[in-house]
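Here is a two-chain model to walk through. Have a look at it, and then we'll start from one residue and work outwards.

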Amino acid sequence: MRQLTLITLFGALASGCGRDDVEAPTDDTKEDSALPQDCDGLTWERDGLPEMLTWCAACHSSLIQPEDRAGAPLGVDLESVAGVRQHLDRVILRIEAGDMPPAGGVPEAERARLLQWLRCGAPGDEVVWPTTTPADAPDESWDQEEAVVAGDTAGQVVIEAARLGWTDGLAFTEVWRVTTTEASLVSREVWDSTGAWVSLISFEPPLTLWRADQTEWSIATERLTEDTTGLTAVEEEWSVSLGPAIDVDPRSLEATPEAIVALSSAGDLLELHLGGQGQLIRRVYSGAFAVEGEELDMTHLGNTELFTSADFQLPIDLKWRAKVMVR
Amino acid sequence: MIVACGVPPADRPLTPEAAPSAKAPGEGQLSAIAWLTRASLDLRGVRPSASELAAVAADPDAAEALILGFVDDARFAERAAWTWNDRLHTALNFKSTTLRGYQELSDAQKEAAGFAPLALVAWIVAEDQPVTALVTNTTLPLNDDLAAAFGLTAPGQGADWVMSAHEDARPPAGLLSSASLWLVVDGDATNHNRRRANAVSTMFLCDDFLSREAAFDFDLSVEELAAMEEAVRTQPACLTCHAGLDPLAALFGGFAERSDQAELSRLTVYSPWRAEWAMGWRSPAYFGRPVGNLTELGATLAADPRFGRCAARTLAEGLIGEPLSDEELNPYHDALLDGGLSLRAVARAIVTSDRYRRDDERALPIDALSSSLANALGLSAEGETFLSLIWSLEHRRLGGGGDDHTAPDDVDEPGVGHALRDAWLARSVAALALTQDADRAPESRILWIAGAPYPTDEVTARQVLVRWRQRLLSEQLSQSDPSIDALWALWSAAGGAADPEAAWTTCLEALLRHPMGRLY
C-alpha cells in the first residue's frame, strides 16, 4: 500500500524531465529498496551507463546548459557514476515509481536491470569519454525575431517583424494575400534598426506560394545604395533564376535582405529568408527554377517554424507539418 | 517432367560421425558437416569444398579449426558488409526510391551509392580494424561509379573500392560523414534532421526512438501540430524522445535536404554554413554530452558502451538470423571487448557457439545464395543472373528479398515467389554452367568428372550426380543413395542417353531448385 501511495505522489509531481522536487526517501523506503541482489560483475559501463544515457542523461547532465535540461533540477546530474551515487536513493525511488523519465517508457527488462545495478550501490568505474569542444553558442541574433500579425483585412494579411543581432537590427513588413486556396506574398519592406527605410520588394503578380500554376514572375525592388553622392534609392527588376551558387552563406542572405530569393546549397531550392532561424521565417520551396519565360513549378517543402500567433490562422491545410517529426 | 525433386526430409548428409567426439553435436545441434556448411556460407559465401567436407566427414573434430579459418578468409569482408545492410538498409535504396536525381544514375552507380556504406564495413573486416572505425574513420570507400554519381574525383580503380579523403569540408567521422547514408536517410526543411538523428541511434546503438512506448502520436489536429515545436521541448511525452533526439539532430544540418528536383551531385555537397545554422536550432549534444561537430560525435559514439554492444548484436543477429536476447548477446559482446573491438573476434565467438550451431534451418541470405551458386557451378558471380539475384528489385522481391526502402527486410518464410525465383534461376544458369564446364580442360572441370562431359553410362552418371549434390547441397552421399537413384531416374526420364544434354540440364535444374539449397 505504501508503494502505491508513493507512485501516485510522484506521478502527480512529475512533469518535463525535471521537477525532481520529491522528498528524499525515508529510511523505511530505503530498507524496502535494499532487496538482496546478485551484485557480482555489475558495472557502470555495462549495466548503468547504457540505461542512464538512454533515459536520463539527455536532461540530467552537468555538461549541458541549464536551458537545455528540460526542467531537470540543477545539480541532479546522472551522466557520471559519481553523480548517480550522489543521488542514489533518489534515483532508485524515481525508477521504482516509474515516473522518470516523466512519461515512462522504460521497458521492464531494462528497468529491472537498472534497479538491480542501483540497489547494488551503483558499482563500477567511470568511463573515459573523448574530449569534445562544444559548438559555439549559437548566435543569439538568429533567434531574436519577433513576428506579429498586424492586420487581416479583406483576405490580405500584414506581418510585421523585427530582427536584431548581426544584421544590426532590421524590421520588415510583409503583405500577404491569403484565400482559402492559396497564399501569396505581395511585398516585403525592410527598415534598419534606426527606422530608416532599406528596401521594398514587390511581386507582381504576388508570389503565390501555395499554388503550382504560376508561370512567370517579375520582381520589382527598390533599395538604398550608397555612393559618393550619398544614399539614393534605386529600382531594379529581376526574375527568379537558377544560379550556380553552392553553399550560400545564409547569413549573407540575411544581410542583404533584398535578395530574399536565393538558392540553398542543395540547389533547385528557393529559400525565402524572412528572418532568423527558428520562427516563422525560413520557407523552403523546391522547384524547377529557370530563366524568365520558362516554367516555374514549385513545391512547398515547409517552414522551419510556423506562424505561432494565435491571431493568425492560415486558411490552408497544414497537415504537412507532421513532417516535423521523425519519420 | 521432374520426378526427383521431392527429396524426403530424411535425406540428410551421410556423415560418419558415430565415433564419440568432444565436438560431437549435442541434442538439437547441427552435425559437424552441417555446422561446417553453415559457417562456410555465412563467412565465405560459398559451400565447403569437397576436401573440407571429406576432412570433417573423416574427423568431425576438424570442423572447428576449419570454421575458425573461414573468419580470416578474404570473402568474409563482403559477407559481413551484407550482414550490416540489415542494420543500415542502404544497398538497394538508390534503386528503390523514385526521386528524380536517383533515376539519372546508371545501375552500377546506384549499386555503388548503396553499397558504399557497406564497403566501409568490408574494409574494417578486411583490415581487421576496430569496429569503432565505422564512426571515426577519416576516409571512406570510393569507386569510380560512386565518384561519377556524386561528382567526385574518380580514384581510377573501376568498381574496386579505394579509401578516399573527403573533397569538401565535412568533418570526417566514418559513416557519419557518408553522403550515401544521408541521402538514404534524408532530411527536409521541417524535420530538423530528426530522422537522421534517429538513424544514428538505430544504426549504431540499436535503439530506435520510434520503438519507445512514449513515441509520438502522429494523429494530431492541426492546432496541436502547430504547437508541436513547443511541445517537444516541454511535454513529458515528447521529451522521452526529443530530449535526446533533438540535440543529436542539430549535428546534421550540413547535409542536403531531400529534393525531387536537384541533381544528385548537388545533394551530396556538405555545407559548413548550413551545419552551423542547424546548430543554432539546438545546442548539439550526445545524450547530455555537448559535441561540436561530426568528428566529435563519432568519437563520443565510439566511447559509448552501447555502440560496441550494438555492433556485436548486428553481426551476431546477422549470422544467427534472428534477434538475440541480452543474455544471448553477452558472450559475443565480451568477445568484441576482449578482442580489441575486432569484428573477426566476434565472428569467431559466434560461429563456435552453441547458439549458432543450433539445429534450426535458416534461409540463405540472397548475397550468399548468389555467390555460393556461382561458386558451385563454376560461373562468374559477376554474371548477369547472379547480379540480378542481388540487385534486381524484381528478382529480389520475388524471392522475398527486402528493397531497403518500402519493404526493407527480407522475408524468410518460403512462398510461391521463392519457387518462381528459383525456377528462373535454374533455367538461367543450368545449361550455361554445364556448357562452360564442358569447355574447360578435363582437369579443371568442376561439374563433370574425368572423361567426356554429358556421360551416358550409369556408373559415371552416378558419380557426377554425387558430385553435384556435394557441390550444391554439401552432401556426402554414396552412389547407391536413394537420392541418387531418384536423380538417375530423372535423368532417364528427361532424355537419357538419347538426349544427354537435355537429361543433364534437367537434373541440374532440379537440383538448383532443391529447397534444401535455400536452407542451411
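Does B:Thr132 count as buried or exposed, going by its C-beta neighbours inside 10 Å? B:Thr132 counts as buried, because it has 20 C-beta neighbours inside that radius. The cut-offs behind these words are as follows: with C-beta atoms placed from the backbone, a residue is buried if 20 or more other C-beta atoms lie within 10 Å of its own, exposed if 12 or fewer, and partly exposed in between.

A word on the ground rules. This is a predicted model, in which local features need pLDDT of at least 70 and side-chain atom pairs count only at pLDDT 80 or more, while totals for chains, interfaces and linings use all residues. Residues are numbered from 1 along each chain as its sequence is written, with chains lettered from A and ligands numbered from 1 in the order in which they are written.

Back to B:Thr132, which sits in the loop between helix 7 and helix 8 (133-136) of chain B. Helices (H or I, at least four residues) and strands (E, at least two) are DSSP runs, numbered from the N terminus. Leaving aside neighbours within four places in sequence, B:Thr132 is in contact (C-beta atoms, placed from the backbone, within 7 Å) with B:Ala302 and B:Leu341. For a sense of scale, the C-alpha atoms of B:Thr132 and B:Leu377 are separated by 38 Å, with these positions 245 residues apart along the chain.

**Chain B and its cores**

Chain B has 27 helices and four strands, and 56% of its 520 residues count as buried. Take the contacts in chain B between residues at least 6 apart in sequence: 65% of them join residues at least 24 apart.

The largest nonpolar core (a set of buried Ala, Val, Leu, Ile, Met, Phe, Trp, Tyr and Cys residues joined through C-beta atoms within 7 Å) has 141 residues. Those with the most contacts inside it are B:Ala80, B:Leu118, B:Leu315, B:Val346 and B:Ile350. Helix 7 (residues 107-126) of chain B gives the most to this core, twelve residues in total. Apart from it lies another core, of 42 residues, among them B:Leu369, B:Ala426, B:Trp468 and B:Ile484. In soluble globular proteins, nonpolar side chains tend to be buried together.

Beyond four places in sequence, B:Leu315 is in contact with B:Ala80, B:Thr83, B:Leu343, B:Val346, B:Ala347 and B:Ile350.

**Two covered helices**

Helix 4 of chain B is mostly covered, with twelve of its 13 residues buried. Among the buried ones are B:Ala80, B:Trp82, B:Thr83 and B:Trp84, along with the charged-looking names B:Glu78, B:Arg79 and B:Arg87. The end C-alpha atoms of helix 4 (residues 76-88) are 18 Å apart, which agrees with the 18 Å that its 13 residues should span at 1.5 Å a residue; that expected span is 1.5 Å times one less than the number of residues. Just after this helix, B:His89 takes a positive phi of about 55 degrees.

Helix 11 of chain B is also mostly covered, and eleven of its twelve residues are buried. Its buried residues include B:Ala197, B:Val200, B:Met203 and B:Phe204. They pack against helix 4, helix 8, helix 10 (179-184), helix 14 (236-249), helix 17 (294-303) and helix 18 (305-320) of chain B. For the twelve residues of helix 11, a span of 16 Å is expected, and the end C-alpha atoms are 16 Å apart. B:Cys206 follows helix 11, in the loop between helix 11 (194-205) and helix 12 (222-226) of chain B.

**Backbone oddities**

Here are two positive phi values in residues other than glycine.

| Residue | Phi | Other C-beta atoms within 10 Å |
|---|---|---|
| A:Ala70 | near 55 degrees | 24 |
| B:Cys206 | near 55 degrees | 18 |

With those counts, A:Ala70 is buried, whereas B:Cys206 is partly exposed. A:Ala70 is found in the loop between helix 3 (44-55) and helix 4 (81-86) of chain A. Chain A also has a cis peptide bond, from A:Met100 to A:Pro101, with omega near 5 degrees. A:Pro101 lies in the loop between helix 5 (88-97) and helix 6 (108-119) of chain A.

**Chain A and its confidence**

Chain A has seven helices and eleven strands, and buried residues make up 36% of its 327 residues. Its average pLDDT (the predictor's confidence in each residue, from 0 to 100) is 58, and 32% of the residues score at least 70. Confidence in this chain is lowest in helix 1 (residues 2-13), at a mean of 30, and highest in helix 4, at 96. Over residues 238-283 of chain A pLDDT stays under 50, and the model has 139 contacts beyond four places in sequence for that stretch. Where pLDDT is low, the predicted coordinates should not be read in detail.

Conventions:
Two residues are in contact if their C-beta atoms, placed from the backbone, lie within 7 Å.
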